[in-house]
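I'm opening my notebook on a new protein today. I want to look up its core, its pocket and its aromatic rings.

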Amino acid sequence: MSDEYIRKAFLMSVNPDCYDEYKTRHDDIWSELVDTLRNHGARNYSIFLDEDTGNLFAYVEIKNQQSWDEVADTEICQRWWRFMKDIMPTNDDFSPISKELKDVFFMK
């Protein structure tokens with residue numbers, strides 16, 4: 001396996017009246033969820049909020065796509081999605097509605 005990480009970026013959104021609550025929930029993110037993300041090869045995970053639009057820009061580095069995809073099937077991730085569904089737009093399975101962004105430039 002390569003030592004190179006895959007850089008991923010995606011967009012989500014948070015309800016306009018829930019910016020503070022979104023930050024609070026992430027300030028208190030469950031350690032079990034963080035462990036799961038790390039154990040599945042994720043690192044340098046950041047989420048940024050555009051307060052004018054409610055758009056969230058997320059960036060994460062992953063070891064491989066399969067491990068990243070497997071996070072969604074974990075009980076802790078699904079519990080987190082249910083916990084967050086009241087403050088952001090979600091899919092039928094409660095995962096956040098998100099749009100993956102295409103990588104067009106990288107400077108080392």
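Here is what I looked up, entry by entry.

**Before I start.** I'm reminding myself that this is a predicted model.

**Entry: the core.** I began with the largest nonpolar core, which has 22 residues. Met-12, Tyr-22 and Trp-68 have the most contacts inside it. Then I checked which elements give two or more residues to this core, and I wrote down strand S1 (6-13), helix H1 (19-27), helix H2 (31-39), strand S3 (55-62), helix H3 (65-71) and helix H4 (75-84). H4 gives the largest share, five residues.

**Entry: Tyr-22.** What does Tyr-22 touch, if I skip its neighbours within four places in sequence? I found contacts with Met-12, Val-14, Ile-47, Leu-56, Met-84, Ile-87 and Met-88.

**Entry: the pocket.** Next I looked for empty space. The largest pocket comes out at about 1,000 Å³. It has 40 lining residues, and I noted Phe-10, Met-12, Tyr-45, Ile-47 and Trp-68 as the closest to its centre. Which element gives the largest share of the lining? That is S2, with eight residues. S2 is the strand at 42-50, and the others that supply at least two lining residues each are S1, H1, H2, H3, H4 and strand S4 (99-100). I also sorted the lining by type and got 24 nonpolar, six polar and 10 charged residues.

**Entry: ring pairs.** I counted six aromatic pairs in the structure. I picked two to look at.

The first is Trp-30 with Phe-83: the ring centres are 5.2 Å apart and the planes sit at 35°, so I call this pair tilted. Trp-30 is in the loop between H1 and H2, while Phe-83 is in helix H4, so the pair ties together parts 53 residues apart in sequence. Are these two buried or exposed? Trp-30 is partly exposed at 24% relative accessible area, and Phe-83 is also partly exposed, at 33%.

The second is Tyr-45 with Trp-68. Their ring centres are 5.9 Å apart and the planes are at 65°, so this pair is edge-to-face. Tyr-45 belongs to strand S2 and Trp-68 to helix H3, so parts 23 residues apart in sequence get tied together. Tyr-45 is partly exposed at 35% relative accessibility, whereas Trp-68 is buried at 16%, because buried means under 20%.

**Entry: putting it together.** Phe-10 joins Tyr-45 and Trp-68 in one aromatic cluster. Going back to my pocket entry, I see that these three are among the residues closest to the pocket centre. Trp-68 also turns up in my core entry, as one of the residues with the most contacts there.

Note on methods. Residues are numbered from 1 along each chain as its sequence is written. This is a predicted model: local features need pLDDT of at least 70, side-chain atom pairs count only at pLDDT 80 or more; totals for chains, interfaces and linings use all residues. Side-chain values use heavy atoms; hydrogens and water are left out. A nonpolar core is a set of buried Ala, Val, Leu, Ile, Met, Phe, Trp, Tyr and Cys residues joined through side-chain atoms within 4.5 Å. Buried means under 20% relative accessible area, exposed over 50%, partly exposed in between (1.4 Å probe, protein chains only). Helices (H or I, at least four residues) and strands (E, at least two) are DSSP runs, numbered from the N terminus. Contact means heavy atoms within 4.5 Å. On a 1 Å grid over the protein atoms alone, a cavity is a set of points where a 1.4 Å probe fits but cannot get out, and a pocket is an open set with protein on both sides within 12 Å along at least five of seven lines; lining residues have an atom within 4 Å of a point. Grid points are joined across faces, edges and corners, and a volume is the space filled by probe spheres set on the points. Ala, Val, Leu, Ile, Met, Phe, Trp, Tyr, Cys and Pro count as nonpolar, Asp, Glu, Lys and Arg as charged, and the others, Gly among them, as polar. Rings of Phe, Tyr and Trp (its six-membered ring) pair if their centres lie within 6.5 Å; planes under 30 degrees apart count as stacked, over 60 as edge-to-face and the rest as tilted.
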